[in-house]
Amino acid sequence: MVPPSRYAAQENPRLRLADHGLHLLTEALPLPEGAVYGGVSSFGIGGTNAHLVLGSAPERAPASECPGGGVLTISSASRDGLRHNVTRIADDLAGLPEGRLAQMCWSSNKVKSSGRHRLALPVRDRDQAVSDLRELVTDDGRFAAAAGLAGGVSTGWLFTGQGSQYRGMSGALHAESGSYRRALAEVDERMAVHLGRSIRDLMLGGEDLDRTEYAQPAIFAVQYALARTLTDSGVEPSWVTGHSIGEYAAATLAGVFGLDDACRLVVARGRLMQQLPAGGAMLAVRAAATEVTDLLADEPMAAVAAVNGPRELVLSGAAETLARIAEELTARSVSVRTLSVSHAFHSPLMEPMVAAFGAVAAECTFEPPRIPVYSTLRGGLLGLGDPMDADYWTEHIRGTVRFGDAVAAGLESGPTHLIELGPRRVLAPMVARANPELSCLVPCPGPAATGHELTEVIAALHRDGHNPHWDALYEPAQRVRTALGGYDFDTTHRYWTHGASTPSTKTAAPEQESPNDAPIPARTEDTTMDNLISLFREQTALLAAARSGPAAAGAGPDTVTAAAAIRPQATAVPPVREVTADTVTAAVRAEIARIAGYSADSLRSSQTMSGELGFDSIMVADLVSGLARRFPELTAEPAWFSPTSTIGDLVALVSAQLGAAPAPTAPDRAADTGSAAPVVPPIAATDEIAAETYLIEQFPEVREIAERLALGEANGLSNPYFLVNDGITRDTSIIDGQEVLNFSSYNYLGMSGHPRVVSAVQDAVAQYGSSCSASRLISGEKPLHGQLEAELAGLLGTEDAIALVSGHATNVTVIGHLVGEGDLVIHDSLAHDSILQGCKLSGATRRSFPHNDHAALDAILTEIRPRFRRVLILIEGVYSQDGDIPDLPAVIAVKRKHHALLMIDEAHSIGVLGATGGGIGEHFAVDRADVELWSGTMSKALAGCGGYVAGSRALIQYLKYTTPGSSTASA
């Protein structure tokens, strides 16, 4: 069914639709049977034309039911909206067939998972899911546990060591997860070549896994399959570390060796250790390493096998030796516990197998890790000079497992989540004892596992900001779209236009005033959304007026006034001055001057709006809204703005509608010379126009630069600018085939050209393409936009952030957007050019204060602050030419004292200052909310391009919708 056209009875005859076989529908049109195609056009904001061709949906057999569950996701832009929509989806779920639960979960993942406020609930049973959802709405504690606010997610992965094995390990997960089954089958196939039997059958068949020759391959197989399952789900580690045998799976994931070589090494390691004579022992000790040094000094057959935490050791060696040590430690009131092991791992008793293992390792191929590895052999992050080669893995046999040191180093990078990968929970309690504030996700917690823990891990990560590859959690039959209920929007604030404004009684004018002081009624400050709604209403009002033609003199109650079209009804304020011909004339001229850029005094009544003053449809819309603010009862008519309409015509029309008495004929303030503003003197003949006014190559400034370049060449000087430099931007560059030092590079962290960054860029281009399309406001966002901005906000410690297309333009547009005439911008005397250009664009008064002199800043503001509306203080995090930094706490104190705004350009301080590179705010440990705007560029330490602004959510929302660099630029 095609609905009728709303204005079919008012068809514009000039379109000649009938001549082209077209007509407007005056009544609903039933569509014929069979395939039908139609075109739908839309003229959207920003000049974007969209045309959609629709066709009848192909007939499909109804989707069959498929048992199982998944992760039910709901998202919203606010916490309240999230809670409100939980009830909606619970109602939808209650009417769903039981066998469609997984399909509904998958559908919710596709369409209800992108908001910042997120709820993710693993579900297995429909009725239980409905009950849980409804309880969430009333139980704040449960709601808080299931909901989260999306931000940057970074994960550190911990791989368990020997001792985590048990009969039937990972059996529950194997039964529940098809992705895990496929990954385990892959490693089982590769390992069978070296082990001579199926490790999967051994694990799941209930056989004893305590023999080292089977325990180590089984642990590796589970860890590799878990890692593959998580990466297939879109979860990538920020770094990895492994405890003893667990480091093999960590290295495989990091790309140090392939799966075949990993299986060869793990099987050889387990087999050779199993062949060693029995008689070894291992002892868990609650003490620091320094407390046992004296006991091990004269014991060549014992050693520290592992340092798992500040006071968690494992000693290993000959049984009789450890018995003596245990007796002495007990006498010192040190807690000890003998471990049940087959051999004394990581002790001198491993020496007989080292050479044989080294020979196997020498046949394998090793590569540098593609992701950071925190080595438990070295106790920290591996550098480029410490490869994980055959010598490393041979040393690994006897070396101390420095797990505590490795994890402590990894935690300094600030991961948001830790994930333990292994057959059971072992490392998580160790980490928690040393770091009680941390929690660790465990997809396979041990013999009591239900097999649902993997989906709980994915759900937890999604709640906090990760966007999984949801398909990996579901079987093909479960990936069927199911109709979901719509989103319930908040209706607390309604924005509807009503009938014509109620005529207000004109009040007597107060004392005489200047004609230039046109009446402007008071109005409340609009929010960002109000401004957008106002824009849409202005366009709607003009289009509606254009369709209906000139209105009759007595408009009916359905007429939408200009005032009602541009703002909520509550903001309409009756005029407070008497409307006279003089005030109308002054108001019209003032609005035209504001929009067109002329002075009001230079305008003439005879000038045409379209021809001489250059008004287009957007300028006309702005003029209509400006006049409506001054005269709320005014109803603008489209016929007022024809190509021949003059200023005088508009004044007369406005005066007539408002009932203002006509003004006596008076000469225009500006002489009738044919020019709006006497900037360029009239020229009598075309041949008298000088060439330097219209030939670019004759412009004086163009000729000057050409002459300067020619002079340098004449004196034998080579041009040092725009040299072609090849290769990656770093501390060296290639010019004319020769490597030279590059003093103009800002690749502070060496990330530009880093293999991981290059790989990520290539992946992004492959997934999203290289074209930016239109602005994000028009064409929408990519997932990378939100991920990047969340990471920036997390790094800077702010509520939100926005990425822009240029670092230099970020300062220019944001400064020019936030302040204007009547405001003051006061900046450090060494401020960057982008700051100065932003000040010029804003039209605000600009002052500088002596470099890094906050006392001088205070003195200046003490003298002049009351003269300005807003004051914006601008400083830099690091001044690139001098390398010094401002006293940020002192500047914040000055800002507070004078009720000013503070903006910091962190172009050279982000990634450089602070323990984790969080910039000057982290360096001084200030409250990030004490600085209104944190700006910078991503082209230096962050190895990217573009700029950013970070701050409060209110600021970022305003900039996102209104800043020229965001709302109009393609990014």
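How many cavities of 30 Å³ or more does a search of the whole structure find? The search finds two, and they come up again below, after some groundwork.

1. Ground rules. This is a predicted model, in which local features need pLDDT of at least 70 and side-chain atom pairs count only at pLDDT 80 or more, while totals for chains, interfaces and linings use all residues. Residues are numbered from 1 along each chain as its sequence is written, and side-chain values use heavy atoms, with hydrogens and water left out.

2. Overall make-up. The protein has 33 helices and 25 strands; these are DSSP runs numbered from the N terminus, with helices being H or I of at least four residues and strands E of at least two. Of the 971 residues, 45% are buried, where buried means under 20% relative accessible area, exposed means over 50%, and partly exposed is in between (1.4 Å probe, protein chains only). Taking contact to mean heavy atoms within 4.5 Å, 72% of the contacts between residues at least 6 apart in sequence join residues at least 24 apart.

3. The cavities. A cavity here is a set of points on a 1 Å grid over the protein atoms alone where a 1.4 Å probe fits but cannot get out, and lining residues have an atom within 4 Å of a point. Grid points are joined across faces, edges and corners, and the volume is the space filled by probe spheres set on the points. The largest cavity has a volume of about 40 Å³ and is lined by F849, N852, D853, H854, I875, P886, D887 and V891. Its lining divides into four nonpolar, two polar and two charged residues. For that split, Ala, Val, Leu, Ile, Met, Phe, Trp, Tyr, Cys and Pro count as nonpolar, Asp, Glu, Lys and Arg as charged, and the others, Gly among them, as polar.

4. The second largest cavity. Its volume is also given as about 40 Å³. The lining consists of I74, N85, R88, I89, D92, K112, G485 and G486, or two nonpolar, three polar and three charged residues. Helix 1 (residues 79-94) gives the most to this lining, with four residues.

5. The loop between helix 11 and strand 9. Two residues are worth a look here. E299 sits in this loop and counts as buried because its relative accessible area is 17%. Its side chain makes a polar contact of 2.9 Å with that of R324; a polar contact is a pair of N or O atoms within 3.5 Å, where within protein one must be able to donate a hydrogen and the other to accept it, and residues adjacent in sequence count only if both atoms are side-chain atoms. Leaving aside neighbours within four places in sequence, E299 touches T321, R324 and I325.

6. M301, in the loop between helix 11 (293-296) and strand 9 (302-309). With a relative accessible area of 38%, M301 is partly exposed. Not counting residues up to four places away in sequence, M301 is in contact with S316, G317, A318, T321, P348 and L349. M301 and S347 lie 46 residues apart in sequence, yet their C-alpha atoms are 7.4 Å apart.

7. Backbone angles to check. Most residues other than glycine have a negative phi. S244, in the loop between strand 7 (239-242) and helix 9 (246-253), has a positive phi of about 55° and is buried at 8% relative accessible area. H346 also has a positive phi of about 55°; H346 lies between strand 11 (336-338) and helix 13 (351-362), in the loop, and is buried at 5%. Just after helix 24, the glycine G769 takes a positive phi of about 85°.

8. Helix geometry. The expected span of a helix is 1.5 Å times one less than its number of residues. Helix 10 (residues 259-274) has 16 residues and should therefore span 22 Å, which agrees with the 22 Å between its end C-alpha atoms. In helix 10, 13 of the 16 residues are buried. Helix 24 (residues 755-768), with 14 residues, reaches 20 Å, close to the 20 Å expected.

9. A residue in helix 6. L184 belongs to helix 6 (residues 178-195) and is buried, at 0% relative accessibility. Beyond its neighbours within four places in sequence, L184 contacts H174, R200, M203, A221 and A225. The C-alpha atoms of L184 and R228 are 8.9 Å apart, with their positions 44 residues apart along the chain.

Definitions and conventions
1 Å grid on protein atoms, 1.4 Å probe; cavity = no way out; pocket = protein on both sides within 12 Å on 5 of 7 lines; lining within 4 Å.
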